[in-house]
Structures are given as structure tokens and as C-alpha cells.
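Please take a moment to look at the sequence and the structure below before reading on. The paragraphs that follow lead you through the model step by step, beginning with some aromatic side chains and moving outward from there.

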Amino acid sequence: MTISTPTSTPAPSARRTATASRATKETTIEVDLDVDGSGSTEVLTGLPFFDHMISQLGRHGGFDLRVVARGDLDVDAHHTVEDVGITLGEVLAQALGNKAGIRRFGSISLPLDEALVEVALDLSGRPFLTYDIDFPPDTNGLGTPPFDPQLAEEFWRAFATSAGLTLHVRLRTGKNTHHIIEASFKGVARALRDAVRLEGGGIPSTKGTL
């Protein structure tokens, strides 16, 4: 993986950006991220529903985001979804640098029609995922080629691990699979938007590092 990194302590006026590429025998991933963007997105993974979800992260997170992925979709979508999560998480961590001045925490209860999803996160440097959304194994995939709803958890686990964040995602109510997954992506995006906001001051930790 190659990553261009920002300065370790971005000034409030500096753009927090990073670029990464990841290549394995299963996937090739390219990601460009501007944390201080306007919500502009360009996403192409070969999975239209997944494209729509990743676009929610950029749009509702206020990030400029470009993701291009080529994977072995003829085998399974798992590799593509997980590797996008890994790469996107690493780019976020690089763009934030040492996290000086950020709010650090974010949380929201986000509705989408009958679905309500609660999200709480901490840009702590300690990877952890609690994902309390269960779909029956025979739940239909979304889009063509189909996106297996079970893969949403795999994406968030990869993202949280590589970004070094603590992430809790819980379903409070909901029946429609599309609504539930979309509410979770929008919820994480809005919580991230709050957590990365610069408030000034030093690193928000008594340890002096995140």
C-alpha cells in the first residue's frame, strides 16, 4: 500500500487529505479523501448498492471521497467490500494525522422511514466494533450484482480496525433491509462529521496521544 500523508499536526486552516492504493491477488483499491471537503463523491466498486452506501459516507460526512475498486466479484463480493473498508479506514487515519484539535467523539440516532439506527464512535486509536444488526442468512441481496446484507458488518469491522476507532452500531427498529443498512451508513457518516470537527487546542486525551 502506498499512502501520501498530511503533516502530523494540521493547522485549523489546513486541508486534511490522504490518498491510498491497495493491490492484492483479489482486489485493487484506490481511495482519495479530503476530510474538509463538500460532500462530493465518486464511487465505483462493481457493486451498485455498495457504491450508494459508500457515497453516503462522503455526502453526509462532508468529505470529498473517491473510491475505485476492482475485485473478484465472480468469486464473491466479500473481498471487495472488506478491502474497501481496510483502505478507507487507513486513509481516514492518515488524513487525521495525530488528531490534534478534533472533537474525537460523535453519536446520533438516525431515522430512515421505519428504521432507526443508533451510532456512537470514538476516534480513540483503539479499534473495536459492536454491530447489533442481524439479518437472516437467507435475506435477499441488494442490487445487481447483489450486495449481501451480511457484508455490511464485515465492512465496518475492516473500517474500524484500520481507522483505529471504536464504533457502536445498533438497530432500534426497522424492517426494510435497504433502509436499515442505509441508516447505518448515514449514521456513521454524521457521527464522523462531528468527531473530526476541529475545535482547537491539543490532542483530546489525557495520555497526550490517540
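In this model, which is predicted, a good place to begin is with two phenylalanines, Phe155 and Phe159, both of which are buried. Their rings form an aromatic pair of the stacked kind, with 6.0 Å from centre to centre and 10° between the planes. The two residues belong to helix α3, which covers residues 151-163, and because they are 4 residues apart in that helix, about one helical turn separates them.

A second pair is made by Trp156 and Phe185, whose rings are tilted at 45° between the planes, with 4.6 Å from centre to centre. Trp156 lies in helix α3 whereas Phe185 lies in helix α4, so this pair ties together parts of the chain that are 29 residues apart in sequence. Trp156 and Phe185 are both buried. In describing such pairs, two quantities are used, namely the distance of the ring centres and the angle of the ring planes. Over the whole structure, a search finds 8 aromatic pairs, and one aromatic cluster is formed by Phe49, Phe50, Phe147, Phe155, Trp156, Phe159 and Phe185.

Some of these residues appear again when we turn to the nonpolar core. Which residues touch the most other members of the largest nonpolar core? This core has 59 residues, and the ones that touch the most other members are Ile54, Phe155, Trp156 and Leu167. The element that gives the most to the core is helix α4, residues 177-195, which contributes 9 residues. Ile54 offers a view of the contacts around one core member: leaving aside residues up to four places away in sequence, Ile54 touches Val43, Leu65, Val67, Val84, Phe155 and Phe185.

Two of the residues that Ile54 touches, Val43 and Val67, also lead us to a pair of strands, since Val43 stands opposite Val67 in β5. Strand β4, residues 41-44, and strand β5, residues 64-71, run parallel and are joined by 4 bridges. Between β4 and β5 the chain passes through helix α1, residues 48-61, and this β-α-β crossover is left-handed.

Another part of the structure is an open sheet of 4 strands, which follow one another in the order β6-β7-β9-β8 with mixed pairing. Its edge strands, each of which pairs on one side only, are β6, residues 105-112, and β8, residues 128-132. From one strand to the next, the twist averages 10°. As a general point, strands of a sheet pair through backbone hydrogen bonds, and they may do so in a parallel or an antiparallel way. In this sheet, β8 pairs with strand β9, residues 166-173, in the parallel sense over 5 bridges, and Asp132 has Arg170 in β9 as its bridge partner.

The helices that carry the aromatic pairs described above can now be placed against these strands. Helix α3 lies across β8 and β9, and its direction runs at about 160° to β8. Helix α4 packs on the sheet as well, where it touches β6, β7 (115-122) and β9, and its direction makes about 150° with that of β6.

Helix α4 also contains Glu182. Is Glu182 buried or exposed? Residues under 20% relative accessible area are called buried, and because Glu182 has a relative accessibility of 9%, Glu182 counts as buried. Apart from residues up to four places away in sequence, Glu182 touches His52, Met53, Gln56 and Leu112.

Finally, some details of the backbone deserve attention. The peptide bond that leads from Thr144 to Pro145 is cis, with omega near -5°, and Pro145 is placed in the loop between β8 and α3. In the loop between α2 (78-96) and β6 we find Lys99, which has a positive phi of about 70° although this residue is not a glycine. Arg104, found in the loop between α2 and β6, likewise is not a glycine and yet has a positive phi, of about 80°. Lys99 counts as buried because its relative accessibility is 7%, and Arg104 is buried with a relative accessible area of 10%.

Notes. Residues are numbered from 1 along each chain as its sequence is written. Side-chain values use heavy atoms; hydrogens and water are left out. A nonpolar core is a set of buried Ala, Val, Leu, Ile, Met, Phe, Trp, Tyr and Cys residues joined through side-chain atoms within 4.5 Å. Buried means under 20% relative accessible area, exposed over 50%, partly exposed in between (1.4 Å probe, protein chains only). Contact means heavy atoms within 4.5 Å. Rings of Phe, Tyr and Trp (its six-membered ring) pair if their centres lie within 6.5 Å; planes under 30 degrees apart count as stacked, over 60 as edge-to-face and the rest as tilted. Two strands pair if DSSP finds at least two bridges between them. Axes are lines fitted to C-alpha atoms, for helices over the stretch in contact, and angles run from 0 to 180 degrees between N-to-C directions. A crossover is right-handed if, with the strands pointing away from the viewer, the path from the first strand over the helix to the second runs clockwise.
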